[in-house]
Amino acid sequence: MAKVHVFNAGPCLLPQAVIDASIEALKDFKGTGVSVLSISHRTKEWEATMNECRALWKELLNIPEGYEVLFLGGGASLEFLYVAMNFLEKKAAYLDTGVWAHKALKEAQGLGEAYAIACSKDKNYSYIPKGFEIPSDLDYLHITTNNTIYGTEIREDMDCPVPLIADMSSDILSRPVDVSKYTMIYGGAQKNAGPAGVAFVIVKKDALGKVSRYLPTMLDYRTHVDKESMFNTPPVFSIFVMNETLKWLKSIGGVAAMQKINEKKAATLYAEIDRNPLFVGTAAVEDRSLMNVCFVMAPGFEALQDEFMAFSKERGMVGIKGHRSVGGFRASLYNACSQEDVEALVACMQEFEKLHK
Ligand SMILES: Cc1ncc(COP(=O)(O)O)c(C=O)c1O
(Lines give C-alpha, C1' and ligand atoms only; values in the text may rest on other atoms or scores of the structure.)
Protein backbone atom coordinates (compact mmCIF):
# COMPACT_ATOMS: atom_id res chain seq x y z
CA MET A 1 0.00 0.00 0.00
CA ALA A 2 1.29 3.50 -0.85
CA LYS A 3 2.41 5.70 2.04
CA VAL A 4 -0.40 7.78 3.51
CA HIS A 5 -0.19 10.84 5.73
CA VAL A 6 -3.06 10.89 8.22
CA PHE A 7 -4.35 14.31 9.34
CA ASN A 8 -7.70 13.13 10.74
CA ALA A 9 -9.31 15.36 13.36
CA GLY A 10 -10.28 12.44 15.58
CA PRO A 11 -10.21 9.57 16.00
CA CYS A 12 -6.72 10.29 14.84
CA LEU A 13 -3.39 8.78 14.05
CA LEU A 14 -1.76 6.69 16.78
CA PRO A 15 1.95 5.83 16.90
CA GLN A 16 2.96 2.58 15.18
CA ALA A 17 4.43 1.24 18.44
CA VAL A 18 0.99 1.61 20.01
CA ILE A 19 -0.72 -0.22 17.14
CA ASP A 20 1.85 -3.04 17.33
CA ALA A 21 1.46 -3.46 21.11
CA SER A 22 -2.32 -3.46 20.70
CA ILE A 23 -2.20 -6.19 18.04
CA GLU A 24 -0.06 -8.27 20.37
CA ALA A 25 -2.44 -7.76 23.30
CA LEU A 26 -5.43 -8.67 21.13
CA LYS A 27 -3.76 -12.05 20.71
CA ASP A 28 -2.34 -12.46 24.20
CA PHE A 29 -2.61 -9.96 27.04
CA LYS A 30 0.58 -9.97 29.11
CA GLY A 31 1.26 -13.68 28.62
CA THR A 32 -2.07 -14.68 30.16
CA GLY A 33 -3.07 -16.52 27.00
CA VAL A 34 -6.25 -14.40 27.04
CA SER A 35 -6.98 -11.58 24.58
CA VAL A 36 -7.22 -8.10 26.08
CA LEU A 37 -10.77 -8.14 24.71
CA SER A 38 -11.66 -11.02 27.02
CA ILE A 39 -9.54 -10.28 30.08
CA SER A 40 -11.49 -9.78 33.28
CA HIS A 41 -11.12 -6.29 34.65
CA ARG A 42 -10.81 -7.87 38.10
CA THR A 43 -7.55 -9.67 37.32
CA LYS A 44 -4.27 -8.47 38.80
CA GLU A 45 -2.82 -8.11 35.28
CA TRP A 46 -5.58 -5.69 34.33
CA GLU A 47 -5.39 -3.77 37.59
CA ALA A 48 -1.67 -3.31 36.97
CA THR A 49 -2.46 -1.75 33.57
CA MET A 50 -5.03 0.62 35.12
CA ASN A 51 -2.55 1.62 37.80
CA GLU A 52 0.21 2.15 35.29
CA CYS A 53 -2.04 4.31 33.13
CA ARG A 54 -3.12 6.45 36.08
CA ALA A 55 0.49 6.81 37.24
CA LEU A 56 1.63 7.80 33.74
CA TRP A 57 -0.98 10.57 33.53
CA LYS A 58 0.22 11.86 36.90
CA GLU A 59 3.87 11.69 35.88
CA LEU A 60 3.51 13.14 32.37
CA LEU A 61 1.39 16.10 33.46
CA ASN A 62 3.06 16.49 36.84
CA ILE A 63 -0.37 16.30 38.48
CA PRO A 64 -0.20 17.57 42.07
CA GLU A 65 -1.43 15.70 45.15
CA GLY A 66 -5.16 16.03 45.74
CA TYR A 67 -6.19 15.30 42.14
CA GLU A 68 -7.53 12.03 40.76
CA VAL A 69 -7.42 10.73 37.21
CA LEU A 70 -10.55 8.93 36.00
CA PHE A 71 -11.27 6.90 32.88
CA LEU A 72 -14.94 6.99 31.93
CA GLY A 73 -17.21 6.00 29.07
CA GLY A 74 -19.47 8.41 27.23
CA GLY A 75 -16.87 10.65 25.61
CA ALA A 76 -16.28 14.32 26.25
CA SER A 77 -19.94 14.99 25.43
CA LEU A 78 -21.12 13.15 28.54
CA GLU A 79 -18.58 15.12 30.58
CA PHE A 80 -20.46 18.29 29.55
CA LEU A 81 -23.33 16.96 31.67
CA TYR A 82 -21.13 15.55 34.42
CA VAL A 83 -19.48 18.96 34.90
CA ALA A 84 -22.77 20.76 35.42
CA MET A 85 -24.18 17.98 37.62
CA ASN A 86 -21.14 17.98 39.90
CA PHE A 87 -20.22 21.67 40.04
CA LEU A 88 -23.17 23.90 39.13
CA GLU A 89 -24.97 25.15 42.21
CA LYS A 90 -25.85 28.82 41.60
CA LYS A 91 -24.19 30.14 38.45
CA ALA A 92 -21.51 29.17 35.95
CA ALA A 93 -19.92 30.95 32.99
CA TYR A 94 -18.74 29.43 29.74
CA LEU A 95 -16.33 30.90 27.22
CA ASP A 96 -18.13 30.26 23.94
CA THR A 97 -15.35 29.57 21.47
CA GLY A 98 -17.07 27.11 19.17
CA VAL A 99 -19.52 24.30 18.68
CA TRP A 100 -18.10 22.10 21.45
CA ALA A 101 -17.93 24.94 23.96
CA HIS A 102 -21.50 25.85 23.07
CA LYS A 103 -22.69 22.28 23.54
CA ALA A 104 -21.08 22.21 26.98
CA LEU A 105 -22.89 25.45 27.86
CA LYS A 106 -26.22 24.12 26.62
CA GLU A 107 -25.91 21.06 28.81
CA ALA A 108 -25.34 23.25 31.88
CA GLN A 109 -28.31 25.46 30.98
CA GLY A 110 -30.52 22.41 31.25
CA LEU A 111 -29.60 22.16 34.92
CA GLY A 112 -29.28 25.72 36.16
CA GLU A 113 -28.00 29.22 35.48
CA ALA A 114 -25.18 29.19 32.97
CA TYR A 115 -24.24 31.85 30.43
CA ALA A 116 -21.64 32.74 27.82
CA ILE A 117 -19.17 35.15 29.40
CA ALA A 118 -17.79 36.00 25.95
CA CYS A 119 -18.36 34.60 22.49
CA SER A 120 -16.59 34.69 19.14
CA LYS A 121 -19.49 33.54 16.99
CA ASP A 122 -19.61 36.97 15.29
CA LYS A 123 -16.57 35.91 13.23
CA ASN A 124 -17.40 32.22 12.91
CA TYR A 125 -15.33 31.42 16.03
CA SER A 126 -12.08 32.35 14.29
CA TYR A 127 -10.60 33.97 17.41
CA ILE A 128 -10.47 33.61 21.20
CA PRO A 129 -12.32 36.45 23.01
CA LYS A 130 -10.10 38.40 25.38
CA GLY A 131 -10.39 41.03 28.10
CA PHE A 132 -13.65 39.78 29.63
CA GLU A 133 -14.31 40.28 33.35
CA ILE A 134 -14.73 37.14 35.44
CA PRO A 135 -17.22 37.71 38.31
CA SER A 136 -16.07 36.31 41.64
CA ASP A 137 -19.41 34.66 42.47
CA LEU A 138 -19.28 31.94 39.80
CA ASP A 139 -19.26 28.26 40.70
CA TYR A 140 -16.82 27.85 37.83
CA LEU A 141 -15.63 29.13 34.48
CA HIS A 142 -15.58 26.59 31.66
CA ILE A 143 -13.17 26.91 28.75
CA THR A 144 -12.34 24.80 25.71
CA THR A 145 -8.59 25.12 25.31
CA ASN A 146 -8.46 23.91 21.71
CA ASN A 147 -11.29 24.45 19.28
CA THR A 148 -10.92 21.49 16.98
CA ILE A 149 -13.27 22.74 14.29
CA TYR A 150 -11.96 26.30 13.97
CA GLY A 151 -8.26 25.84 14.72
CA THR A 152 -7.99 28.25 17.64
CA GLU A 153 -6.25 27.47 20.92
CA ILE A 154 -5.73 28.93 24.37
CA ARG A 155 -2.14 27.88 24.88
CA GLU A 156 -1.52 29.37 28.28
CA ASP A 157 -2.93 28.23 31.61
CA MET A 158 -4.92 31.28 32.67
CA ASP A 159 -5.10 32.69 36.18
CA CYS A 160 -8.74 32.50 37.13
CA PRO A 161 -10.37 33.93 40.28
CA VAL A 162 -13.00 31.14 40.29
CA PRO A 163 -12.64 27.36 39.78
CA LEU A 164 -11.50 26.74 36.21
CA ILE A 165 -12.77 23.73 34.27
CA ALA A 166 -11.30 22.93 30.86
CA ASP A 167 -12.28 20.70 27.98
CA MET A 168 -8.84 19.74 26.65
CA SER A 169 -10.08 17.03 24.29
CA SER A 170 -7.93 18.10 21.41
CA ASP A 171 -4.76 19.52 22.96
CA ILE A 172 -4.18 17.46 26.10
CA LEU A 173 -0.64 16.05 26.29
CA SER A 174 0.55 18.37 23.51
CA ARG A 175 2.31 20.65 26.01
CA PRO A 176 3.03 20.88 29.74
CA VAL A 177 -0.01 22.08 31.70
CA ASP A 178 -0.06 23.67 35.15
CA VAL A 179 -2.78 21.39 36.48
CA SER A 180 -2.92 23.29 39.78
CA LYS A 181 -4.65 26.17 37.96
CA TYR A 182 -7.61 23.96 37.11
CA THR A 183 -10.30 22.37 39.25
CA MET A 184 -10.92 19.91 36.47
CA ILE A 185 -9.56 18.99 33.05
CA TYR A 186 -11.31 16.49 30.81
CA GLY A 187 -11.66 15.27 27.28
CA GLY A 188 -12.26 12.41 24.92
CA ALA A 189 -9.11 10.35 24.48
CA GLN A 190 -9.34 10.02 20.73
CA LYS A 191 -6.88 12.76 19.79
CA ASN A 192 -3.60 12.73 21.73
CA ALA A 193 -4.46 10.29 24.49
CA GLY A 194 -5.54 7.15 22.68
CA PRO A 195 -8.49 5.70 20.78
CA ALA A 196 -12.18 6.54 20.99
CA GLY A 197 -14.21 4.90 23.74
CA VAL A 198 -12.80 6.46 26.88
CA ALA A 199 -12.77 9.94 28.37
CA PHE A 200 -10.11 11.16 30.80
CA VAL A 201 -10.96 13.34 33.80
CA ILE A 202 -8.41 15.02 36.06
CA VAL A 203 -10.31 16.36 39.02
CA LYS A 204 -9.44 18.07 42.30
CA LYS A 205 -10.98 15.77 44.88
CA ASP A 206 -11.86 18.38 47.50
CA ALA A 207 -13.95 20.32 44.95
CA LEU A 208 -16.42 17.43 44.73
CA GLY A 209 -19.56 16.95 46.79
CA LYS A 210 -20.41 20.67 47.04
CA VAL A 211 -23.70 20.67 45.11
CA SER A 212 -27.07 20.12 46.73
CA ARG A 213 -28.81 18.28 43.85
CA TYR A 214 -29.31 14.53 43.83
CA LEU A 215 -26.49 12.93 41.87
CA PRO A 216 -27.26 9.60 40.19
CA THR A 217 -24.56 7.09 41.16
CA MET A 218 -22.94 6.93 37.73
CA LEU A 219 -22.97 10.71 37.30
CA ASP A 220 -21.32 11.42 40.63
CA TYR A 221 -17.56 11.76 40.16
CA ARG A 222 -17.09 10.56 43.75
CA THR A 223 -18.32 7.11 42.71
CA HIS A 224 -15.50 6.84 40.22
CA VAL A 225 -12.89 8.35 42.54
CA ASP A 226 -13.86 5.88 45.29
CA LYS A 227 -13.82 2.87 42.94
CA GLU A 228 -10.76 3.96 40.92
CA SER A 229 -12.77 4.04 37.67
CA MET A 230 -13.89 0.43 38.22
CA PHE A 231 -17.38 0.96 39.64
CA ASN A 232 -18.59 -0.83 36.54
CA THR A 233 -16.75 -2.51 33.68
CA PRO A 234 -14.31 0.05 32.29
CA PRO A 235 -13.63 0.36 28.54
CA VAL A 236 -10.79 -2.12 28.85
CA PHE A 237 -9.37 -2.08 25.33
CA SER A 238 -9.51 1.71 25.01
CA ILE A 239 -7.67 2.10 28.31
CA PHE A 240 -5.09 -0.47 27.21
CA VAL A 241 -4.38 1.54 24.06
CA MET A 242 -4.35 4.78 26.06
CA ASN A 243 -1.72 3.29 28.37
CA GLU A 244 0.43 2.32 25.38
CA THR A 245 0.03 5.85 23.99
CA LEU A 246 1.24 7.34 27.27
CA LYS A 247 4.20 4.92 27.35
CA TRP A 248 5.13 6.05 23.85
CA LEU A 249 4.86 9.71 24.87
CA LYS A 250 7.11 9.10 27.86
CA SER A 251 9.64 7.27 25.66
CA ILE A 252 10.05 10.30 23.40
CA GLY A 253 10.67 12.66 26.32
CA GLY A 254 7.18 13.53 27.60
CA VAL A 255 5.09 16.63 27.07
CA ALA A 256 7.95 19.16 27.05
CA ALA A 257 9.66 17.31 24.19
CA MET A 258 6.30 16.86 22.48
CA GLN A 259 5.60 20.58 22.66
CA LYS A 260 8.81 21.38 20.75
CA ILE A 261 7.94 18.83 18.07
CA ASN A 262 4.40 20.20 17.82
CA GLU A 263 5.62 23.80 17.59
CA LYS A 264 7.92 22.90 14.73
CA LYS A 265 5.23 20.99 12.82
CA ALA A 266 2.71 23.82 13.15
CA ALA A 267 5.29 26.49 12.27
CA THR A 268 6.21 24.55 9.11
CA LEU A 269 2.61 24.35 7.90
CA TYR A 270 1.57 27.89 8.89
CA ALA A 271 4.68 29.26 7.14
CA GLU A 272 3.60 27.54 3.93
CA ILE A 273 0.00 28.77 4.26
CA ASP A 274 1.28 32.33 4.76
CA ARG A 275 3.76 32.09 1.87
CA ASN A 276 1.72 30.21 -0.71
CA PRO A 277 -0.53 32.65 -2.65
CA LEU A 278 -3.12 29.92 -3.25
CA PHE A 279 -4.01 29.41 0.42
CA VAL A 280 -5.04 31.49 3.40
CA GLY A 281 -5.43 30.60 7.10
CA THR A 282 -8.83 31.06 8.74
CA ALA A 283 -7.92 31.51 12.44
CA ALA A 284 -6.68 34.79 13.94
CA VAL A 285 -2.87 34.58 13.81
CA GLU A 286 -2.40 35.13 17.56
CA ASP A 287 -4.86 32.35 18.41
CA ARG A 288 -3.70 29.74 15.91
CA SER A 289 -3.89 26.18 17.15
CA LEU A 290 -0.85 23.91 17.08
CA MET A 291 -3.18 20.94 16.76
CA ASN A 292 -5.71 21.81 14.04
CA VAL A 293 -4.49 23.97 11.18
CA CYS A 294 -7.43 25.39 9.22
CA PHE A 295 -7.05 27.01 5.81
CA VAL A 296 -9.03 27.75 2.67
CA MET A 297 -8.25 28.68 -0.92
CA ALA A 298 -7.17 32.33 -1.14
CA PRO A 299 -9.57 34.86 -2.75
CA GLY A 300 -9.51 34.32 -6.50
CA PHE A 301 -8.56 30.65 -6.18
CA GLU A 302 -11.76 29.34 -4.55
CA ALA A 303 -12.67 27.30 -7.60
CA LEU A 304 -9.57 25.15 -7.06
CA GLN A 305 -10.77 23.68 -3.77
CA ASP A 306 -12.04 20.33 -5.11
CA GLU A 307 -9.05 20.03 -7.39
CA PHE A 308 -6.62 20.44 -4.48
CA MET A 309 -8.58 17.93 -2.43
CA ALA A 310 -8.25 15.34 -5.21
CA PHE A 311 -4.61 16.31 -5.90
CA SER A 312 -3.62 15.89 -2.25
CA LYS A 313 -5.53 12.62 -1.96
CA GLU A 314 -3.58 11.20 -4.89
CA ARG A 315 -0.40 12.07 -3.02
CA GLY A 316 -1.48 10.18 0.11
CA MET A 317 -2.96 12.99 2.23
CA VAL A 318 -5.83 11.68 4.36
CA GLY A 319 -8.36 13.65 6.41
CA ILE A 320 -7.63 17.23 5.36
CA LYS A 321 -11.20 18.20 4.50
CA GLY A 322 -12.29 21.11 6.69
CA HIS A 323 -15.28 20.82 8.99
CA ARG A 324 -18.49 21.69 7.12
CA SER A 325 -19.00 24.83 9.23
CA VAL A 326 -15.64 26.31 8.14
CA GLY A 327 -15.08 24.68 4.75
CA GLY A 328 -11.72 24.40 3.06
CA PHE A 329 -9.09 22.29 4.75
CA ARG A 330 -8.04 21.23 8.21
CA ALA A 331 -4.82 19.37 8.90
CA SER A 332 -4.76 17.95 12.42
CA LEU A 333 -1.21 17.71 13.67
CA TYR A 334 -1.76 15.65 16.80
CA ASN A 335 1.15 14.10 18.67
CA ALA A 336 1.54 11.04 16.47
CA CYS A 337 1.65 13.08 13.26
CA SER A 338 5.30 13.53 12.28
CA GLN A 339 7.34 16.39 10.85
CA GLU A 340 7.70 14.19 7.76
CA ASP A 341 3.90 14.05 7.36
CA VAL A 342 3.73 17.83 7.57
CA GLU A 343 6.53 18.24 5.04
CA ALA A 344 4.73 15.91 2.65
CA LEU A 345 1.64 18.14 2.86
CA VAL A 346 3.75 21.27 2.34
CA ALA A 347 5.43 19.69 -0.71
CA CYS A 348 1.99 18.88 -2.07
CA MET A 349 0.85 22.51 -1.62
CA GLN A 350 4.00 23.73 -3.39
CA GLU A 351 3.53 21.33 -6.28
CA PHE A 352 -0.07 22.50 -6.62
CA GLU A 353 1.06 26.11 -6.62
CA LYS A 354 3.45 25.46 -9.53
CA LEU A 355 0.60 23.95 -11.55
CA HIS A 356 -1.48 27.08 -11.14
CA LYS A 357 1.01 29.90 -11.35
C1 LIG B 1 -12.93 20.13 21.90
C2 LIG B 1 -13.89 18.98 21.82
N3 LIG B 1 -14.74 18.77 22.84
C4 LIG B 1 -15.61 17.75 22.82
C5 LIG B 1 -15.68 16.89 21.76
C6 LIG B 1 -16.70 15.76 21.80
O7 LIG B 1 -16.02 14.59 22.10
P8 LIG B 1 -16.75 13.18 22.14
O9 LIG B 1 -16.98 12.78 20.73
O10 LIG B 1 -15.75 12.31 22.87
O11 LIG B 1 -18.02 13.33 22.91
C12 LIG B 1 -14.81 17.05 20.68
C13 LIG B 1 -14.86 16.12 19.54
O14 LIG B 1 -14.19 16.28 18.55
C15 LIG B 1 -13.90 18.12 20.71
O16 LIG B 1 -13.05 18.32 19.71
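These exercises, each with a worked solution, go through a predicted model.

Residues are numbered from 1 along each chain as its sequence is written. Local features need pLDDT of at least 70, side-chain atom pairs count only at pLDDT 80 or more, and totals for chains, interfaces and linings use all residues.

**Exercise 1. The sheet**

Task: Give the strand order of the open sheet, then find its edges.

Solution. Start with the terms. Helices (H or I, at least four residues) and strands (E, at least two) are DSSP runs, numbered from the N terminus. Two strands pair if DSSP finds at least two bridges between them.

Step 1. Seven strands make up the open sheet, ordered S2-S10-S9-S8-S5-S3-S4, with mixed pairing.

Step 2. Strand S2 (67-72) and strand S4 (113-119) each have a single partner strand, so one side of each lacks a neighbour in the sheet. These two strands are the edges.

Step 3. On average, neighbouring strands are turned by 20 degrees against each other, direction ignored. For angles in general, axes are lines fitted to C-alpha atoms, for helices over the stretch in contact, and values run from 0 to 180 degrees between N-to-C directions.

**Exercise 2. Pairings of S8 and S9**

Task: Which strands pair with S8 in the parallel sense, and which strand joins S9 in the antiparallel sense?

Solution. Step 1. Strand S5 (residues 140-144) pairs with strand S8 (residues 164-167) in the parallel sense, over four bridges. His142 has Ile165 as its bridge partner in S8.

Step 2. S8 also runs parallel to strand S9 (residues 184-188), with three bridges. Here Ile165 stands opposite Met184.

Step 3. S9 and strand S10 (residues 199-204) are antiparallel and share five bridges. Tyr186 stands opposite Val201 in S10.

**Exercise 3. The ligand shell**

Task: List the residues around the ligand and sort them by class.

Solution. Step 1. Apply the cut-off: a residue is near a molecule or strand if its C-beta atom, placed from the backbone, lies within 6 Å of it.

Step 2. The shell holds Gly10, Gly75, Ala76, Ser77, Trp100, Thr144, Thr148, Asp167, Ser169, Ser170 and Gly188.

Step 3. Helix H3 (residues 75-87) gives the largest share, three residues.

Step 4. Ala, Val, Leu, Ile, Met, Phe, Trp, Tyr, Cys and Pro count as nonpolar, Asp, Glu, Lys and Arg as charged, and the others, Gly among them, as polar. The shell then has two nonpolar, eight polar and one charged residues.

Step 5. Look at the backbone of Gly10. The peptide bond from Gly10 to Pro11 is cis, with omega near -5 degrees. Pro11 sits in the loop between strand S1 (5-6) and H1.

**Exercise 4. H1 against H6**

Task: Describe how H1 packs on H6 and which residues make the contact.

Solution. Step 1. The axes of helix H1 (residues 16-27) and helix H6 (residues 236-251) are 9 Å apart, at an angle of about 140 degrees.

Step 2. Contact means C-beta atoms, placed from the backbone, within 7 Å. H1 brings Ala17, Val18, Ala21, Ser22 and Ala25, while H6 brings Phe240, Val241, Glu244, Thr245 and Trp248.

Step 3. By class, this contact has seven nonpolar, two polar and one charged residues.

**Exercise 5. The two domains**

Task: How far apart are the domain centres, and how many residues from each domain take part in the contact?

Solution. Step 1. The bounds come from an automatic or database domain assignment. It gives domain 1 (16-251) and domain 2 (254-355).

Step 2. Their C-alpha centres lie 27 Å apart.

Step 3. Domain 1 puts 24 residues into the contact, and domain 2 puts in 23 residues.
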